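Visitor: I would like to learn how to read a protein structure. Please take me through a few features, one at a time.

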Amino acid sequence: MKGRIYNIKNTRKIMEMHDITMKKSLGQNFLVDGNILRKIVDSADLKENDVVLEVGPGIGSLSEEILLRGNKLTSIEIDDRFIDILHENFEDMDNFKLVHGDALDDEIWKSANENPTPNVFIGNLPYVITTPILEKIFKNENKFDKIVVMVQKEVAERMTAKPGSKTYGSLSVFVSYFSNAKILFDVSEGSFIPRPKVKSSVVLLETVRREERPDEFMDFVHKAFGMRRKTLLNSLSMGLDMDKAEVQQRIENAGIDPKVRAENLTLEDFLNLYSSFNKK
């Protein structure tokens, strides 16, 4: 095959040779825009010794861009149809490691974290599992220094939403708990085959270290947002199954008005609130 994988003719040729049709259940779309691929990898500002982890490489368009820059890359792919293609495309590249399995499986992440250990994440995340994959990325035992992901534009807006906005919710708090996030640029539907029905956005997430236990904290946040139109007092008293008077006291102890709604609270408000509810 002459030229790059992302070339539309080459992408179609690979698909035809291997009789590939895209699976909607896996949210599969191939990037065929070289400028976008370069911008995504440029956004990670890779250094010589950085090791990259990728989820869902497909036939390897984004993988190729990373590998050609000389960085080591580990890719996790669940779809059996792409395994031989990836081995074939990168058989001469000793900086490529492929892990075959489900990126939601803890054991697969253990394999991906070994020899070499990744410190940067770059990926075009499957839209259908964006949030659980983000959880895996943030909670990875080896913390990433930098994360660059392409996600559905609507999800990117929720990830970076500010308190008081219509799109602000538990995902916004979750992302801000682990990182400083910003949308870098949008990607049009025409950059993919097959053409998706939604726009995409590339988001940069610079990680933040936290001491609180993330699972317990995020469970608390989910309960606060559990009844979006209700006051914080009502949402938490029902979500935590606690006496309303006690819930009110703990909210007030955190310096928060019990009558506000969860969507008006900042990350620091939630951390103070969580701390108040965990005091003996």
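Guide: Keep in mind that this model is predicted. Start with one residue, R69: its relative accessibility is 35%, so R69 counts as partly exposed.

Visitor: Which residue does the side chain of R69 meet in a salt bridge?

Guide: The general idea comes before the case. Side chains of opposite charge can pair when their charged atoms come close. Here the side chain of R69 meets that of D42, with 2.6 Å from N to O. D42 sits in helix α2 (residues 34-43), while R69 sits in the loop between α3 (61-67) and β3 (72-77), so the salt bridge ties together parts 27 residues apart in sequence. D42 is partly exposed, with a relative accessible area of 47%.

Visitor: How many salt bridges does the structure hold?

Guide: There are 14 salt bridges in the structure. One of them joins the side chains of K47 and D45, at 2.9 Å from N to O. K47 is partly exposed at 45% relative accessibility, and D45 is partly exposed at 43%.

Visitor: In the salt bridge of D79 and R81, is D79 buried or exposed?

Guide: D79 has a relative accessibility of 3%, so D79 counts as buried. The cut-off for buried is under 20% relative accessible area. Its partner R81 has a relative accessible area of 24%, which makes R81 partly exposed. The two side chains meet at 2.7 Å, N to O. Elsewhere, salt bridges that share partners join R4, D42, E64, E65 and R69 into one network.

Visitor: Next, helices. How is the packing of two helices described?

Guide: Two packed helices are described by the angle between their axes and the distance between the axes. Take helix α9 (residues 214-224) and helix α10 (residues 232-239): their axes come within 8 Å and cross at roughly 120°. That crossing makes α9 oblique to α10.

Visitor: Which residues of α9 and α10 meet?

Guide: From α9, the residues are F220, K223 and A224. From α10, they are L232, S235, L236 and G239. Sorted by class, this contact has four nonpolar, two polar and one charged residues.

Visitor: My last topic is aromatic rings. How many aromatic pairs does a search of the whole structure find?

Guide: The search finds 13 aromatic pairs. To read a pair, look at how far apart the ring centres lie and at the angle between the ring planes. For F174 and F178, the centres are 5.2 Å apart and the planes stand at 70°, so this pair is edge-to-face. The cut-off for edge-to-face is an angle over 60 degrees.

Visitor: Where do F174 and F178 lie?

Guide: Both are in helix α8 (residues 170-178), four residues apart, which is about one turn of the helix. F174 is buried, with a relative accessible area of 4%, and F178 is buried at 7%. Another pair is F220 with Y274: the ring centres are 5.7 Å apart and the planes are at 65°, so this pair is edge-to-face as well. It links distant parts of the chain, with F220 in helix α9 and Y274 in helix α12 (residues 267-277), 54 residues apart. F220 and Y274 are both buried.

Visitor: Which residues form one aromatic cluster?

Guide: The cluster consists of F138, F174, Y177, F178, F217, F220, Y274 and F277. F220 is thus a residue to look at twice: it belongs to this cluster, and it is one of the α9 residues that meet α10.

Definitions and conventions: Residues are numbered from 1 along each chain as its sequence is written. This is a predicted model: local features need pLDDT of at least 70, side-chain atom pairs count only at pLDDT 80 or more; totals for chains, interfaces and linings use all residues. Side-chain values use heavy atoms; hydrogens and water are left out. Axes are lines fitted to C-alpha atoms, for helices over the stretch in contact, and angles run from 0 to 180 degrees between N-to-C directions. Helices (H or I, at least four residues) and strands (E, at least two) are DSSP runs, numbered from the N terminus. Angles under 35 degrees count as roughly parallel, over 145 as roughly antiparallel, 65 to 115 as roughly perpendicular and the rest as oblique. Contact means heavy atoms within 4.5 Å. Ala, Val, Leu, Ile, Met, Phe, Trp, Tyr, Cys and Pro count as nonpolar, Asp, Glu, Lys and Arg as charged, and the others, Gly among them, as polar. A salt bridge is a side-chain nitrogen of Lys or Arg within 4 Å of a carboxyl oxygen of Asp or Glu. Buried means under 20% relative accessible area, exposed over 50%, partly exposed in between (1.4 Å probe, protein chains only). Rings of Phe, Tyr and Trp (its six-membered ring) pair if their centres lie within 6.5 Å; planes under 30 degrees apart count as stacked, over 60 as edge-to-face and the rest as tilted.
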